[in-house]
Amino acid sequence: ALPILMYLHSVKFNYASEIGTYLPRDGWRTNETAWVENDSDGWAVYSKSAPWSGDVELTPGETVLNGLYGESVAIGRDNNFAVVGQSGINDGRLISYVRGFDNRLVEDATIVPNANNTSELGKSLGQGRDYTVAGAPGSASDQGYVYVTKRLSNGNLVVQQVLTGPDSTAGDLYGSAVAVSADDQWLYVSAVNADKVYVYGL
């Protein structure tokens, strides 16, 4: 069997000090990106430039107590886009960022729930090539929803579909965790209280 080679392009840490503690075998490469939680309801973005240096801090346009901004973060494959979940504000939301002409990430859109009984949108995030998938496990009495969004050619992020588990019931927490393959062909969704992971293929 042929060996499988994996390339690390981004990683999320809880503390900036962990960047120096956990190193890839061959070290950090230029342009690799890390997201590090800070103490002001936001996330700091670090770019590899021997050593890591803070590039910019992202903060929500609307900060509320227990808004949970940054509970989930997804980075586009080319690092020109990012999505941050804010599941604690109202029914939850997704905040989309694009890289501007000055090479900074700027907020360009907010995705709010469009399905009835949505709750905790942005609790989890998964990023593929063009698709960003967001879990809303508190929806419909904790049955859970998953929002499938697509990044269009003009950079806009739009909701394409809202999924529910084929046999999920109240309390299952469908959407607790989500993962999308790099080619957008596979989607995995967990329902932790049902001890299930649902697999979808295009």
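Lys-150 is partly exposed, because its relative accessible area of 26% lies between the cut-offs of 20% for buried and 50% for exposed. This is a predicted model, so every value here is computed from predicted coordinates. Lys-150 belongs to strand β11, and across from it in β12 stands Val-158. Setting aside residues within four places in sequence, Lys-150 touches Asp-130, Tyr-131, Asn-156, Leu-157, Val-158 and Gln-160. One of these contacts, Tyr-131, falls in β10, which spans 131–136. Gln-161 is 11 residues from Lys-150 along the chain, and their C-alpha atoms are 9.4 Å apart.

**The sheet around Lys-150**

What does Lys-150's strand pair with? β11 covers residues 145–151 and joins β12 in the antiparallel sense through six bridges. Besides the Lys-150 and Val-158 pair, Arg-151 has Leu-157 of β12 as its bridge partner. Five residues sit between the two strands of this hairpin, and Gly-155 there has a positive phi near 95°.

Zoom out a bit and you get an open sheet of four strands, ordered β9-β10-β11-β12 with antiparallel pairing. β9 (124–127) and β12 (157–163) are the edge strands; each has a single partner, so one side of each has no neighbour in the sheet. Ignoring direction, neighbouring strands here are turned by 20° against each other on average. As a reminder for reading side chains off the model, those in a regular strand alternate between the two faces of the sheet.

**The three-stranded sheet**

Further along the chain there is an open sheet with the order β13-β14-β15, again with antiparallel pairing. Its edges are β13 (174–180) and β15 (196–201), each with a single partner strand, so one side of each is left free of a sheet neighbour. From one strand to the next, the twist averages 20°.

β14 (residues 186–191) is joined to β13 by four bridges, running antiparallel, and Ala-179 is found opposite Tyr-188 of β14. On its other pairing, β14 connects to β15 through six bridges, also antiparallel, with Ala-191 facing Lys-196 of β15. β14 and β15 make a hairpin with four residues between them, and Asp-195 in that turn has a positive phi of about 55°.

**A pocket lined by strands from both sheets**

Which strands line the second largest pocket? At least two lining residues come from each of β10, β12, β14 and β15. β12 gives the largest share, three residues. The volume of this pocket is about 240 Å³. There are 14 lining residues, and those closest to the centre are Val-148, Gln-161, Leu-187, Tyr-200 and Leu-202. Gln-161 is also the residue whose C-alpha lies 9.4 Å from that of Lys-150.

**Positive phi angles**

A few backbone spots are worth a look if you're checking a Ramachandran plot. Two are turn residues already mentioned, and two are asparagines in loops.

| Residue | Phi | Where |
|---|---|---|
| Gly-155 | near 95° | hairpin of β11 and β12 |
| Asp-195 | about 55° | turn of the β14 and β15 hairpin |
| Asn-90 | near 50° | loop between β6 (81–86) and β7 (94–99) |
| Asn-117 | about 65° | loop between β8 (105–111) and β9 |

Neither asparagine is a glycine, yet phi is positive in Asn-90 and in Asn-117. Are these loop asparagines buried or exposed? Asn-90 has 66% relative accessibility and so counts as exposed, the cut-off being over 50%. Asn-117 is exposed too, with a relative accessible area of 57%.

**The whole chain**

How many helices and strands does the protein have? There are two helices and 15 strands. Of the 202 residues, 41% are buried. The accessible surface is about 11000 Å², and carbon and sulfur atoms account for 49% of that. As for sequence range, take the contacts between residues at least 6 apart: 39% of them join residues at least 24 apart.

Methods:
Residues are numbered from 1 along each chain as its sequence is written. This is a predicted model: local features need pLDDT of at least 70, side-chain atom pairs count only at pLDDT 80 or more; totals for chains, interfaces and linings use all residues. Side-chain values use heavy atoms; hydrogens and water are left out. Two strands pair if DSSP finds at least two bridges between them. Axes are lines fitted to C-alpha atoms, for helices over the stretch in contact, and angles run from 0 to 180 degrees between N-to-C directions. Buried means under 20% relative accessible area, exposed over 50%, partly exposed in between (1.4 Å probe, protein chains only). Contact means heavy atoms within 4.5 Å. Accessible areas come from the Shrake-Rupley method with a 1.4 Å probe; for residues, only the protein chains shown count as cover. On a 1 Å grid over the protein atoms alone, a cavity is a set of points where a 1.4 Å probe fits but cannot get out, and a pocket is an open set with protein on both sides within 12 Å along at least five of seven lines; lining residues have an atom within 4 Å of a point. Grid points are joined across faces, edges and corners, and a volume is the space filled by probe spheres set on the points.
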